[in-house]
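Work through the exercises below with the sequence and the structure open. Each task is followed by a solution in steps.

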Amino acid sequence: MKPAKKRSKPRPDKSQPLLRQLAAVPAKLFSGAFRQQYGALCFRHAKGGAGIEILVITSRESARWVIPKGWPMKGKKPFEAAAIEAWEEAGVSGAVRKKPVGHYTYLKELDDGDVVPCIVDVFQVEITEVSDGFKEHGQRALAWVSPDEAARRVREIELKSLLVDFKVRGRKKAARNRSNPEG
């Protein structure tokens, strides 16, 4: 029988709100360790003009519902990084707003098992193209749902609020950013 593997770092219970999760690892609260990420709030107009649909995807590790997001990319502006994440994780591209529509926080478990708090700046992306040929195809489930349903599916409270309160920002100022690196 193998001896039980000892954990050197306490792990927060991910079902708890962010502050309770951070309480399990108090050093994170005072270390200035918040990391930046960029997310894409992808939407399209529903058929028949009855409102909008928002894209939610599952994470690869835990299969929980999230929006496309990722780390800053060298040489890319934040809105460009968000658009690239939408393409790589969900095969969608379109017009992305240069200014974030909001932000939310969550705890990210890194590959080494460490847990870091992240702030995600969220950028609106009006989807004009959907493809099956994308980097993470088959690794995630995708769903186009109402804003209320999107909020029900995600876990992060601040993201829930962003989804429920989401209002499409004007189209004229949107940056046309074809995030499909192959097209």
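**Exercise 1.** State the average pLDDT of the chain and how the model treats residues 172–183.

Solution. The model is predicted, and its chain averages a pLDDT of 83. A score of at least 70 is reached by 75% of the residues. Next, turn to residues 172–183, where pLDDT stays under 50. For this stretch the model has 26 contacts beyond four places in sequence.

**Exercise 2.** Find the strands that pair with S2 and give the sense of each pairing.

Solution.
- Start with S2 itself, residues 52–58. Six of its seven residues are buried, so the strand is mostly covered, buried being under 20% relative accessible area.
- Take S1, residues 35–45, which pairs with S2 in the antiparallel sense over three bridges. Histidine 45 is placed opposite isoleucine 52 of S2. The S1–S2 hairpin has six residues between the strands, and glycine 48 has a positive phi near 80 degrees there.
- Take S3, residues 65–66, which runs antiparallel to S2 and is joined to it by two bridges. Here isoleucine 57 faces valine 66 of S3 as its opposite residue. In the S2–S3 hairpin, again with six residues between the strands, alanine 63 adopts a positive phi near 60 degrees.
- Take S8, residues 142–145, whose antiparallel pairing with S2 has four bridges. Leucine 55 is opposite tryptophan 144 of S8.

**Exercise 3.** Determine which residues of H5 are buried, and why they line one face of the helix.

Solution. List the buried residues of H5, a helix of residues 157–165: Leu159, Leu162 and Leu163. Viewed down the helix axis, the buried residues of H5 fall within an arc of 95 degrees, and therefore they line one face. Ile157 and Asp165 are exposed on the other side of H5. Finally, identify the packing partners: the buried residues of H5 pack against S1, S2, S6 (102–109), S7 (115–130) and H4 (147–153). S2, treated in Exercise 2, is thus one of the elements that the buried residues of H5 pack against.

**Exercise 4.** Identify which charged ends sit over the rings of tyrosine 106 and tryptophan 65.

Solution. For the ring of tyrosine 106, the charged end is that of lysine 69, which sits over it at 5.0 Å from the ring centre. For the ring of tryptophan 65, the charged end belongs to arginine 153, at 4.7 Å from the centre. Separately, count the aromatic pairs, taking ring centres within 6.5 Å as the cut-off: there are three.

Notes:
Residues numbered from 1 in each chain as written. Predicted model: local features only at pLDDT ≥ 70, side-chain atom pairs only at ≥ 80, totals over all residues. Heavy atoms only, no water. Phe/Tyr/Trp six-rings, centres within 6.5 Å; stacked < 30°, edge-to-face > 60°. Lys NZ or Arg CZ within 6 Å of the ring centre and 35° of its normal. pLDDT = per-residue confidence, 0-100. Contact = heavy atoms within 4.5 Å. Buried < 20%, exposed > 50% of the residue type's maximum accessible area, 1.4 Å probe, protein only. Pairing = 2+ DSSP bridges. Arc of directions from axis to C-beta.
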